[in-house]
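Here's a quick walk through this chain, from a few single residues out to the whole fold. Have the viewer open and follow along.

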Amino acid sequence: MREFEIAVVGSGYVGLVTGACLAYIGHRVTCVDKNERRVAELREGRMPIYEPGLEEMVGRGVSAGQLRFTTDLPGCVREAEVVFIAVDTPPGEDGSADLSNVAAVARSIGRALSEARGRKRPLIVVNKSTVPVGSGDYVSMLVREGAEEAGNGSVDFRVVSNPEFLREGSAVYDSLFPDRIVLGAESRDALDTMRELYEPIIEQSFPAEMDPRPKAAVPFVTTDLASAEMIKYAANAFLATKISFINEIANICELVGADVSSVAYGIGLDGRIGPRFLSAGIGWGGSCFPKDVAALRSIAREYDYEPALLDAAVCVNERQRKQVISKLQRDLHTLKGKRIALLGLTFKPNTDDLREAPSLEIAHTLSSLGARVVGYDPVAAKEAARRQPGLKAAFDPYEALRGAHAAVVVTEWEEIRSLDAARAASLMEEPRLLVDGRNALDPERCRKGGLLYRGFGRA
């Protein structure tokens, strides 16, 4: 394989994982970030995020001389063959993606490119950030404007869209063994270059400790810029809608006396539906689904189109969090003076991400209703308490349960899945209510242990 010189701009979740994995398969990668403190910490081996396997992979890349960190964007652009833009695109008040970070980087790339001398190949500028349809053309315009500002508008580059499909908690695995690699560009030579860069992953030819590998080869999807950008939004919007669908079914199951777990299993065996993303409960959160669904709704409304299905998916998701409060009120009657334990605070297990985490909204509502809220999480309890002043942090699940009238399973960490029901009941106060917001525990085992169990979609 050919060893590429790569720059990854942005050392957050997507950028750091992307850079570490590209270095692992044999490329020379420089991760660039304007945050000097973050760069200094990364050079010392300290990770800005919790992600299983990432720290070891970064350390391996640095030790091998394949991965380094810097704040010098112009220097990296001048040396790189491929520059990945992996900066944050947070939602605005109307749900649209804020592209100011992408714009700043694109202009900086143009300025640096205009000063480069003796380049043998055009620079490939890759949008890895999640961006609205049309952003490829926007980036291309800004790169040229940046070059013109620096006095040399005749720069040679190509813009490519390469959306990421990483799941927090398994991002390293998803990078090395993806379901597909999607590339969008208007020039064939750019797509050919990117295929060469990804060849070790496409052909699964890089060294791996897994045997047998989960994949023999990875589908390589090439299309135009707009379609590649839409694929990312459409994928996340579909998954979010699928979760909202099963939550809608769960609510109906409770009314008619059916068990949503059995229903989900039965429909999931249909090959047209599949079993994944059919777990009923509190609903979706995190950094991707809320942001991407909001952005897609905003894009639709730019064209005077009302995305009724997406609006409904969001409505159902918001209602699920309120269902937790309703279930607590049903058995506790009043929440004033009650101690409520939240078990798990991050939006999903194996990450420290609290963005759009249901736990924070639930804690806020409970506090406003007069409850005393304590929360346990193996990695994010302290940060959650900082963000939500009405939440007291606990660093052991049984510590959180001590004296609690009720507990809510918010995030299904493994230590919460394996909760000792009898021990939990012995620590709690009447009525010893457990609201299982993820249907993660065995209802019968909980009841035998002395807990008043309430799940989602179960009569």
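Ile-416 is buried, at a relative accessible area of 0%; the cut-off for that label is under 20%. Keep in mind that this is a predicted model. Ile-416 belongs to helix H16, which covers residues 414-417. What does Ile-416 touch, once residues up to four places away in sequence are not counted? The list reads Leu-343, Gly-344, Tyr-376, Val-409, Thr-411 and Leu-441. One of these, Leu-343, is in strand S9, which spans 339-343. If you'd like a distance for Ile-416, try Trp-284: the two are 132 residues apart in sequence, and their C-alpha atoms sit 19 Å apart in space.

Val-58 is another buried residue, with 2% relative accessibility. You'll find Val-58 in helix H3 (residues 54-63). Leaving out neighbours within four places in sequence, Val-58 is in contact with Leu-16, Ala-20, Met-47, Leu-67 and Phe-69. Two of those names, Leu-16 and Ala-20, fall in helix H1, which runs over residues 13-24. Val-17 is worth a look as well: Val-58 and Val-17 are 41 residues apart in sequence, with 8.5 Å from C-alpha to C-alpha.

Now for the outside. Is Glu-302 buried or exposed? Glu-302 is exposed, at 59% relative accessible area, and the cut-off for that word is over 50%. Its place is in helix H11, residues 289-302. Ser-96 is 206 residues away from Glu-302 along the chain, yet 9.8 Å separates their C-alpha atoms.

Just past that helix comes Asp-304, in the loop between H11 and helix H12 (308-332). Asp-304 counts as exposed too, at 71% relative accessibility. The backbone is the thing to check here: phi of Asp-304 is near 60°, a positive value in a residue other than glycine. Asn-350 also has a positive phi, about 65°, and it isn't a glycine either. Asn-350 is in the loop between strand S9 (339-343) and helix H13 (358-368), and it is partly exposed, with a relative accessible area of 36%.

Here are the accessibilities side by side:

| Residue | Relative accessible area | Label |
|---|---|---|
| Ile-416 | 0% | buried |
| Val-58 | 2% | buried |
| Asn-350 | 36% | partly exposed |
| Glu-302 | 59% | exposed |
| Asp-304 | 71% | exposed |

One more backbone detail: the peptide bond from Glu-430 to Pro-431 is cis, and its omega is near 10°. Pro-431 is placed in the loop between helix H17 (421-427) and strand S13 (433-436).

On to the nonpolar cores. Which residues have the most contacts inside the largest core? They are Ile-6, Val-82, Phe-84, Met-194 and Tyr-198, in a core of 45 residues. Helix H1 gives the most to this core, with eight residues. A second, separate core has 42 residues, among them Ala-80, Ala-147, Ala-295 and Leu-296. Ala-295 and Leu-296 fall within the 289-302 range of helix H11.

Val-82 is a handy spot to zoom in on. Neighbours within four places in sequence aside, Val-82 is in contact with Phe-4, Glu-5, Ile-6, Ala-7, Leu-123, Ile-124, Val-126, Met-194 and Leu-197. Ile-6 and Met-194 from that list are also named among the best-connected residues of the largest core.

Zoom out and you get 18 helices and 14 strands in the chain. The radius of gyration is 24 Å, close to the 23 Å that the globule rule gives for 459 residues, so the chain is as compact as a globular protein of that length. Along the principal axes, the C-alpha atoms fill a box of roughly 75 × 50 × 45 Å. Buried residues make up 54% of the 459 residues. Of the contacts with a separation of 6 or more, 73% come from residues 24 or more positions apart.

As for the surface, the chain exposes about 20200 Å², with carbon and sulfur atoms supplying 50% of it. The charge count is 57 positive and 64 negative side chains, and the centres of the two sets lie 4 Å apart.

How values were computed: Residues numbered from 1 in each chain as written. Predicted model: local features only at pLDDT ≥ 70, side-chain atom pairs only at ≥ 80, totals over all residues. Heavy atoms only, no water. Helix = DSSP H or I, 4+ residues; strand = E, 2+ residues; numbered from the N terminus. Rg over C-alpha atoms; globule rule 2.2 N^0.38 Å. Buried < 20%, exposed > 50% of the residue type's maximum accessible area, 1.4 Å probe, protein only. Contact = heavy atoms within 4.5 Å. Areas by Shrake-Rupley, 256 points an atom, 1.4 Å probe, with all protein chains shown as cover. Lys, Arg positive; Asp, Glu negative; His and termini not counted. Charge placed at Lys NZ, Arg CZ, Asp CG, Glu CD. Core = buried A, V, L, I, M, F, W, Y, C linked by side-chain atoms within 4.5 Å.
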